[in-house]
Amino acid sequence: MKLFTPMASSRLVPFVFLLLIVGCSARAPYPLPSRGNDGYKQPLQTFRAYNVAHRGSNGVIPEETAAAYTRAIEDGADFIEADILASKDGALICFHDMKLDNTTDVAKHTEFARRKRTYEVQGTNMKGFFTVDFTLRELKTLRVNQRFKYRDPQYNGMFSIITFEEYIQIALDAPRVVGIYPEIKNPVFVNQHVKWPGGKKFEDVFVETLIKHGYKGTYLSKQWMKQPAFIQSFAPTSLTYLSKLTDLPKIFLIGETTDPTEDTNQSYWEITSDKYLEYISEYVVGIGPSKDTIIPVANNYLQTPTDLVARAHAHNLQVHPYTFRNEYPDLHFNFSQDPYKEYAFWINEVGVDGFFTDFPESLHHYQQWTSPSQ
Ligand SMILES: *[C@@H]1O[C@H](CO)[C@@H](O)[C@H](O)[C@H]1NC(C)=O
Ligand SMILES: *[C@@H]1O[C@H](CO)[C@@H](O)[C@H](O)[C@H]1NC(C)=O
Ligand SMILES: *[C@@H]1O[C@H](CO)[C@@H](O)[C@H](O)[C@H]1NC(C)=O
């Protein structure tokens, strides 16, 4: 059975313009495809690796926009993934970088020319236009662009930044059960620069938003299956703090081998040790490492695989690596430029439990071909 109907791109364009027009309201005032049916939704599949649409279908449409998420749902994603940051006035938004520079048209907005700042982030000075220096209203005047020059530019400048709540609403409006996978992004920096009433922290406001929209329950519980969500963070102290606020499953993200953790300044080697995996498994259901740390890469060829996946599984932790992309240099030469070969390898040889992919459509087609849903 077909779970969704891919929208022809000719139909997508007017549709995404509509999204653009209504982008400022919390709820779309027109019915999305899910509305008006009997309320039954095709459940989340749990029999094969999760298809996590990294920042939406951002291989095609600029990342973290309503159009990228809507497209990901049409493309067959199990989860839509987002990075949550904050505006100056404390609104939670979907945006990846601390700075607006690389993926928006902020440089063209002369009214913001004097908003450029230099901040120290983990001991390094960063200069640019930071989300934490803009109100939500100001952020909504910007338009999002593709991050990579080698991607289709036709949607650049069409879509606005959306809020965490608008993103949640897109998942809830999907015609089948689609999970959310929000990341608490740069919590140390955000808590330094944004203040909420009553001394609340970023983490508190983040969880309040999830609870407000009905997200709760342990992994695979009945409640969770209705509104699936994984919470992810690179900051262990955020995850342990969050575990007191919500029983939703959490994923511990692991950066490059050279990156210390932003909050506890622990090395990659420390946080991937058996001792640490044992500790963190009290708080999280899985880890999200970079695929290139699981199997190191040199000259774009895979090297000898590490035992990280086996050790994580031995601690009953799922492994959801990032980021699967259909293009050079992220699609390594071993796979002869064929993303299906890469998915086959990671499913059959490595045995991972989920994929962060910029191209959920490719992963969906691959999985429907090799292990179709009933
Ligand atoms: C923005 O792009 C520049 C140049 O490509 C790159 O060096 C930098 O890492 C990017 N910044 C972020 C925050 O991704
Ligand atoms: C983080 O740890 C490294 C290595 O132990 C050390 O050199 C560095 O000063 C530490 N940084 C901070 C901010 O504590
Ligand atoms: C990837 O290709 C390199 C170079 O041919 C080879 O040494 C390596 O074993 C290959 N890795 C895998 C997992 O196929």
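**Entry 1: the loop between β12 and α13**

I began with Thr323, which is found in the loop between β12 (318–319) and α13 (339–350). The model is a predicted one, so I took every angle here as computed from its atoms. I looked up the peptide bond from Tyr322 to Thr323 and found it cis, with omega near -15°. Pro329 also has its place in the loop between β12 and α13. The bond that leads from Tyr328 to Pro329 is cis too, with omega near 5°. I noted for reference that most peptide bonds are trans.

**Entry 2: positive phi outside glycine**

Next I looked for odd backbone angles. Most residues other than glycine have a negative phi. Arg55 has a phi near 55°, a positive value in a residue that is not glycine. I found Arg55 in the loop between β1 (50–53) and α2. Is Arg55 buried or exposed? I counted it as buried, because it has 27 C-beta neighbours inside 10 Å, and 20 are enough for that label.

Asn299 is not a glycine either, and its phi is positive at about 50°. Asn299 sits in the loop between β10 (297–298) and β11 (301–302). With 7 C-beta neighbours inside 10 Å, Asn299 counts as exposed; the label applies at 12 or fewer.

**Entry 3: β4 and β5**

I then turned to a hairpin, which β4 and β5 form with two residues between them. Gln122 lies in the turn and has a positive phi of about 50°. Strand β4 covers residues 117–121 and is joined to β5 by five bridges, with the two strands antiparallel. One pair I checked was Glu120, which stands opposite Asn125 in β5.

How many of the five residues of strand β5 are buried? The number is zero for residues 124–128, so β5 lies largely in the open.

**Entry 4: β13 and its partner**

Strand β13 (residues 354–357) gave another picture. Gly354 and Phe356 point one way from β13, Phe355 and Thr357 point the other way, and all are buried. I looked for its pairing and found β1, which runs with β13 in the parallel sense over four bridges. Ala53 has Thr357 in β13 as its bridge partner.

**Entry 5: helix α2**

I went on to α2, which spans residues 66–75. Ten of its ten residues are buried, and I wrote it down as mostly covered. The buried residues include Arg71, Glu74 and Asp75 as well as Ala66, Ala67 and Ile73. Just after α2 comes Gly76, with a positive phi of about 105°.

**Entry 6: helix α4 and its neighbours**

Which residues of helix α4 (residues 164–172) are buried? I listed Phe164, Glu166, Tyr167, Ile168, Ile170 and Ala171. The buried residues of α4 pack against two helices, α2 and α6 (202–212), and against strands β2 (79–86), β3 (92–94) and β6 (179–184).

I followed the α2 contact further. The helices α2 and α4 pack at an angle of about 20°, and their axes are 10 Å apart. That angle makes α2 roughly parallel to α4, since the label covers angles under 35 degrees. The crossing in which α2 passes α4 is right-handed. At the contact, Ala66, Tyr69 and Thr70 in α2 meet Glu166, Tyr167 and Ile170 in α4.

**Entry 7: the nonpolar core**

In soluble globular proteins, nonpolar side chains tend to be buried together. I looked up the largest nonpolar core here and found that it has 88 residues. Those with the most contacts inside the core are Phe79, Ile80, Ala86, Ile93, Cys94 and Tyr167. I picked Ile93 and left aside residues up to four places away in sequence. Ile93 touches Leu85, Ala86, Ser87, Thr131, Leu136, Leu139, Ile161, Thr163 and Phe164.

**Entry 8: Lys108**

Lys108 has its place in the loop between β3 and β4. Why does Lys108 count as exposed? It has 10 C-beta neighbours inside 10 Å, and 12 or fewer earn that label. I also checked Leu142, which is 34 residues from Lys108 along the chain; their C-alpha atoms are separated by 9.3 Å.

**Entry 9: the whole chain**

Last I took the totals. The secondary structure comes to 14 helices and 13 strands. Of the 374 residues in the chain, 43% are buried. Among contacts with a separation of 6 or more, 71% are between residues 24 or more positions apart.

Terms used:
Residues are numbered from 1 along each chain as its sequence is written. Chains are lettered from A and ligands numbered from 1 in the order in which they are written. This is a predicted model: local features need pLDDT of at least 70, side-chain atom pairs count only at pLDDT 80 or more; totals for chains, interfaces and linings use all residues. Two residues are in contact if their C-beta atoms, placed from the backbone, lie within 7 Å. A nonpolar core is a set of buried Ala, Val, Leu, Ile, Met, Phe, Trp, Tyr and Cys residues joined through C-beta atoms within 7 Å. Two strands pair if DSSP finds at least two bridges between them. Axes are lines fitted to C-alpha atoms, for helices over the stretch in contact, and angles run from 0 to 180 degrees between N-to-C directions. Angles under 35 degrees count as roughly parallel, over 145 as roughly antiparallel, 65 to 115 as roughly perpendicular and the rest as oblique. A crossing is left-handed if the near helix is turned anticlockwise from the far one by less than a right angle, and right-handed if clockwise.
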